[in-house]
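Student: Before we discuss any labels, could you show me the model that we are going to talk through?

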Amino acid sequence: MSEKSITGGTILKLLLWSFVVGFAMYSLEWSPGDIVGWIANTVAEIWSWFSGSGLEYVLLGATIVVPVFLFSRFRDRMRNRRSGP
């Protein structure tokens, strides 16, 4: 089984993409806080749209069910990787 290591090429790609994204954010005058705020506002708007309907309960349940599902998938993938060929 081969482990992926961080190579010089990977670091170069990360630096290049960081520069491109940073330049775009600077050009648009966005900050990381603006993006996080936009995501939070969007989630709040979706939540208020569902408020008062039965779908609100689906969203409440999903806040627990989805992370548990993702964690179990991740855990199973790690187990399979360790016990692989």
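Tutor: Please keep in mind that this is a predicted model. Leu16, Trp17, Phe19, Val20, Val21 and Phe23 make a nonpolar surface patch of about 680 Å².

Student: Why is Phe19, which belongs to that patch, called exposed?

Tutor: Phe19 is found in helix 1, and its relative accessible area is 58%. Because exposed means over 50%, the value of 58% places Phe19 in the exposed class.

Student: What makes Gly22 partly exposed?

Tutor: Gly22 is found in helix 1, which spans residues 8-27, and its relative accessibility is 37%. Buried would require a value under 20% and exposed a value over 50%, so Gly22, at 37%, counts as partly exposed. As for its position relative to Ser51, which lies 29 residues apart from Gly22 along the chain, the two C-alpha atoms are separated by 37 Å.

Student: How do you know that Asp76 forms a salt bridge with Arg75?

Tutor: The closest N and O atoms of Asp76 and Arg75 are 3.9 Å apart, and the cut-off asks for a side-chain nitrogen of Lys or Arg within 4 Å of a carboxyl oxygen of Asp or Glu; the pair therefore qualifies as a salt bridge. A search of the whole structure finds 1 salt bridge.

Student: Why are Asp76 and Arg75 each placed in the partly exposed class?

Tutor: Asp76 has a relative accessibility of 34%, and Arg75 has a relative accessible area of 35%. Since partly exposed covers the range between the 20% and 50% limits, Asp76 is partly exposed, and so is Arg75.

Definitions and conventions. Residues numbered from 1 in each chain as written. Predicted model: local features only at pLDDT ≥ 70, side-chain atom pairs only at ≥ 80, totals over all residues. Heavy atoms only, no water. Helix = DSSP H or I, 4+ residues; strand = E, 2+ residues; numbered from the N terminus. Buried < 20%, exposed > 50% of the residue type's maximum accessible area, 1.4 Å probe, protein only. Patch = residues over 30% accessible without salt bridge, like charges linked within 9 Å, V, L, I, M, F, W, Y side chains within 5 Å. Areas by Shrake-Rupley, 256 points an atom, 1.4 Å probe, with all protein chains shown as cover.
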